[in-house]
Amino acid sequence: MATKRTWVVGTDIGGTFTDVIGVNLETGEQRLGKVPSTPPTYFDGVINGLARAGLKGDQVLSFRHGATVSTNAILERKGVKTALITTEGFRDVLGGGRAERISAFELDWDPPELIIARRNVLTVRERISPYGEVVTKLAEVEVRRAARTIKKRGIESVAVVYIDSFMNPVHEKRTREILHEELPDLDVTLSHEVLPQMLEFERTCTTVLNAYISPILKNYLGGLSRRLKRDWNYAGSILVTTSGGGVIGMEEAVKFPAKTFHSSPVSGAVGLAGYIGSLAGFENVIAFETGGTTNNVSIIYKGKPAITHEWKILWNVPCCLPSVDTIYIGAGGGSIGWVDKGGMLNVGPQSMGAVPGPACYGAGGTEPTNTDTQIVLGRIDPDYYLGGEMKVDGRLSHKALKEKIGNHYGWDAETSAANMYLVAMTNLMMAMRLQTVSRGWDPRDFAIVPYGGGGCMYACDLAREIGATSVIVPPLPGYASAFGAIRVDVKHEFTTPLHKIEAELDFKKLNREFDALVRKGVKTLEREGMRPDQIEIERYVDVKYFSQARFFTVEVGREPIHELGRITEDFMNAMQLAYGYTLPPGYAPVELVNLRVIARGELPKPDLPELKRDTTLEQAKKRTRKVWFRDAGFIQATIYDREKLPVGASFDGPAIIEQPDTTTVMPPHTHCSVDKYGNLIIRVDR
Amino acid sequence: MTRKASKKAQHGKPSAPIGGVKERLAMSADIGMDLITFEVMRNAFVAACYEASTTIERVAYHPVVGMGRDRSNALLTRDGRLVAHGFTDAAAHYASFGPSVKELIKAVPLHTMKPGDTFLFSDPYRTGSHVNDTRLIRPIFHQDEIVAFGCTVIHWADMGGPMPGTFNPEATTCYAEGIRIPPIRLFKEDKLDEELFSFIAINIRSATERRADLQAQYEASRLIDRRVKELCDRYGRDTLYQAFEEQFNYTERLMLAEIAQLPDGSWEFEDFGDQDVMTPGKPPIRVHCRMTKKGTKLRFDWTDSGPSPRGSWGCSYATLTGGNYLGFMICFPQLFPLNEGIVRNLEIVSKKGTCVDVVEPAPTTGYASGAFDKVEAVTIACLAGPLGKVQPWRVYPAAVSLTNLCMGGFNPRTKKQFVQYTYAVGGENARTYKDGKSLIFMRFCNARTIPQELEERWFPVLYTRYEARPDSCGHGTYRGGFALLRELTLQTDVTMTIHGDREKFTPFGLSGGLNGGGCNLFINKGTKKEFNAGMYATGVELKKGDKIYYASSGGGGFGSPLERDQKLVLDDVMDEWLSVEAAKKFYGVVIKVVDREALDYRIDEKATALARAKLRKQGYKEGRGSHQLHPKGKLIKVDWIPTEEEVAPHITVSRPPGW
């Protein structure tokens, strides 16, 4: 008997935990599972999590997965043995990068080790001109020699990147044919297929990343789908989360694994923070996630995530596929406070990590960390750490702060903690300001949505600092990425390079190329099982002044394009907004850089279940205790139990809201109301 | 408008009366104001400059500015003391900020400045560097008081003069370079003075492009203005002034603590420019420094440097200080950013009329590849004396030098005149414990290369090579980085000028490490028409189809190549950085290539032992040229060789959060 498929399931693998969330589309029922991750394959963790949540494979309509494996393979250098074939004379495009240093003056710093050593960068004679003409014909015999080298060296995957290949991919395509004639099983990634865009280093690096992990992701997803079938009775497709804030089918993910980097934080930002913001009526959201060693900040503006085409997985290791612009700040619960030789107090970037961890863990760490400051300031109850599951010792926090910071300044532990907290906060504030202000956006128009472990302790003070008026704390801060994965659409992005200045434009050809891109988008979605009514197409062009380095992406609607008027106008407006100026007319020709199509397959998006809880606000009050707040010092604050807060509850700060996976701090002059989903909507008065 | 900036800082204004911890927040043993406000402010100073630099990067027109980052931004006190600069700016500009603002105030009384007035200024004798580095200086008003200055520098690709790009190695006076610009009020209350600009525009090439670059510069200066006003609105002017002083005091404390750790003594070093092209016999040009360290005092005496050359090579005093500051900051990167706290504690002495202190009308366009580069390297070599005893990782041989390549002509694609300006990347110096980085920028700029795929679309050239030049490093126990070799074919007729150096006197090695390989520029190399244009070719007329072969310099090595681990030599050979011949010639390591495709390379142990013994007996040829043993550099030693683990905690990375 066929079971009805009514569940949407999101799974996300973190370094420590594997999170599972399932929502029934008909009843709205929500089920959760959090279990330890099981490296190296992680499959057991997924199966365990699904079992813990009580979800059944044959009832699942749609399965979403955040595959952290690709990011980890890069960070831990665990990809396959990879070679690069490139144009003769351009062997050091990858190794030379853009020749920049990470910071002025420091010569002892070195960039991360290269993914492909110079010896495995093979060159062949060929050259395409910037305008797509063949300048030097492909030396096929050299490709065959490269194939021989690859075989002798036991190389499993190859990236092929020729200069200006995106203007005419004939040589790259022929190279793949030859390689496959010689070595039928070799994995080959072509640059014009991954990123058909100008800038040789960025394209090379993105292509190499793709080649390096392609076999890994293929194995991983293949293995996962077999396990899901065998042990969980699920034979449907797996949709994989992407760095662009969507999901893609398995076939696409295996071909272009470079699209899946850092997809976990991105899913949380787009699928959770963006959604929570919209529920409370905010189009503009600062998504703020905190973990043990890093925080990350992403921006949702007018309901859409801020996208970058210059995302870097590491310094000098760009992955230039469209990615939600997430910035990482090395300051988490384990970050250390210290005094420098000039007498200034600093926090991080050194971290105690989970082992030995903050001083309060009593595991040998004697340095004061952000977690220790929160304990000393009365915000974290040492007896309720992780809901009381972990024993921590507040006296050790006091000791560390007094000895490592207090003694220098003549402060007690509390003053040391307060100062350290404020220093940590200024770093976060800088990041948030940079993410908004430098784009021409006013931070006052944003709500902050904090999630992860510690963000809710900083969020209200941060809001005040940047001038935002609202903080919204979602009900499941510990399931952000898994939940986010079930709230996003299938999203593909395709580009065609154009590189034409006004005088060179042929609109007929432009429209033909646009149509081809749209067809490609529709076809890809159809292959992934999307019905026509689910498919939505957005068209954009990338525009800049000729000779300018960066472009702006301008939406162009569905109609054929016959003139530049509107495009130029929108480009100028975008530039005006971001930089407050445009060039006087006639100073520089406008150049169309790329055509861009976003093909979206709309998926059912389960809502947060409405909260049904028969408690009163009085019952949620645990007690009061002394807590430190900025501008107020230590004062009595009411402690609430989040799990007993009823819908519609409404109360003022100073208050602390406790739940096992996070603590929310409400300073004086804030007001919280609990909406029907259990979100804490906190108004921060100035 | 006169307010004495209080050196003895007072406590910051508490934001609210509170009990408990709060009232003790402001107190700190060292910092005379609320610690947190100070933290916010000092971060904001750098962030404002960084944001301004980002603005320029995004909107400037010329690729060398937009993509290449030949630009800088700074915040200064209203009396012209440097407070902060950006994270990714060109250090060659840093020293020019202070003198530029001070000279502006001398020329234009403060009380005549109105909100929105913005001044253009480019006069190497007063502002330092060269005419192409134009400064746009904006007084920042809060209400009706000038509280600070924002200063934005961009390399304008052309400032007029006989040569496209304005670089002119054969100039003997500034009048044969480009036009100088005295401090002029180009924007009056935020309105561009079109008349004044037209006067400049008529004298330079591609003026409409420069108008676009100017706009980027102007937007950047307004951005700094806005950020500083926001700080004043929020914290008050007095707090701003106080934070400036505290920033200086704080940096000064850090700096003096560092200097106090060094042993007292006196050290000297010298380096040479290849030639004074305009003096018969083309003699080399000497840069010399004697550094004296006593207690917390550091004195750099450059008076023994050679006389000002006739050709364009030397630099003005402001630039000398710039090279000196830069060398110092490279040895103490933890002091980032350069500011008044450092400036006021370095004593820099020179003699007017020497190559490092040229006077009007001596030419200056070649300052960066010439004097500035040597000043920086010599400063670092002097500091190597004391640092070698206490922080041996801060000892650095010389690194890749600047070569300015300018080409001008008619661009058939845009149907306009073009001026292409590119500079080189190459080998960084070896470290005392590790090889140097290859294909990286000169130490004085944190710039980025212009991608070939972009450059070819902008300018009528076609690149056929852009890769490392094998064997170009300074060999050593730890070798320097490798140089870059570019080959390109012209797609149209051009007039070319190259303004470089380090063809003959190459980046020096230390402690027995050899000098790096020198720069080269050949036209039509390997053909019958081949000629060596050298590093001082001026206004060479080239035809469509001509080929340029353009190689930069490699970084100096550290320690004797004979002490280099054979395995590292083998690795370099397998990576084809190093040829089998060079491995034998310089390292005495004999390698047999069994099968290149299979990466089967083997060291012939016996032949290697023999070759090394022979080399040891023979020694390396002493000299200041490519791959020679530097006679002064070999004398610089360190007390111990640190391990990478030992160095790691000292690496300071200064960058904005998440960047």
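Start by selecting Gly409 and Phe418 in chain B: Gly409(B) sits opposite Phe418(B), a residue of strand S13(B). Keep in mind as you look around that this is a predicted model.

**Stop 1: the strand pair around Gly409(B)**

Now widen the selection to residues 404-411 of chain B, which make up strand S12. How many bridges join S12 to S13(B)? There are 7, and the two strands run antiparallel.

**Stop 2: the whole sheet**

Add S16 and S19 of chain B to the view, and you have an open sheet of 4 strands in the order S13-S12-S16-S19, with antiparallel pairing. Which strands stand at the edges? Color strand S13 (416-422) and strand S19 (540-542) of chain B to find them; each has a single partner strand, so one side of each has no neighbour in the sheet. If you look across the sheet, the twist from one strand to the next averages 25°.

**Stop 3: the two domains of chain B**

Zoom out and give residues 26-254 of chain B one color and residues 396-648 another: these are domain 1 and domain 2 in the domain assignment. Their C-alpha centres are 34 Å apart. Where the two domains touch, 23 residues of domain 1 of chain B are in contact with 23 residues of domain 2 of chain B. On the domain 1 side of that contact, you can pick out 12 nonpolar, 5 polar and 6 charged residues.

**Stop 4: where the chains meet**

Next, show both chains together. Here 75 residues of chain A are in contact with 90 residues of chain B. Several elements of chain A each supply at least two residues of the side that touches chain B, among them helix H4 (140-152), helix H7 (200-232), helix H11 (394-409) and strand S30 (633-641). Which element gives the largest share of that side? Select H12(A), which contributes 11 residues; helix H12 spans 413-437 of chain A. Coloring the chain A side by class will show you 36 nonpolar, 20 polar and 19 charged residues.

**Stop 5: chain A as a whole**

Finally, hide chain B and turn on a cartoon of chain A, where there are 17 helices and 35 strands. Its radius of gyration is 27 Å, close to the 26 Å that the globule rule gives for 686 residues, so chain A is as compact as a globular protein of that length. Along the principal axes, its C-alpha atoms fill a box of roughly 80 × 70 × 55 Å. Buried residues account for 55% of the 686 residues in chain A. Of the contacts in chain A between residues at least 6 apart in sequence, 66% link residues at least 24 apart.

Key: Residues are numbered from 1 along each chain as its sequence is written. Chains are lettered from A and ligands numbered from 1 in the order in which they are written. This is a predicted model: local features need pLDDT of at least 70, side-chain atom pairs count only at pLDDT 80 or more; totals for chains, interfaces and linings use all residues. Two residues are in contact if their C-beta atoms, placed from the backbone, lie within 7 Å. Ala, Val, Leu, Ile, Met, Phe, Trp, Tyr, Cys and Pro count as nonpolar, Asp, Glu, Lys and Arg as charged, and the others, Gly among them, as polar. Two strands pair if DSSP finds at least two bridges between them. Axes are lines fitted to C-alpha atoms, for helices over the stretch in contact, and angles run from 0 to 180 degrees between N-to-C directions. Domain bounds come from an automatic or database domain assignment. The radius of gyration is taken over C-alpha atoms; the globule rule is 2.2 Å times the number of residues to the power 0.38. A residue is buried if 20 or more other C-beta atoms lie within 10 Å of its own, exposed if 12 or fewer, and partly exposed in between; C-beta atoms are placed from the backbone.
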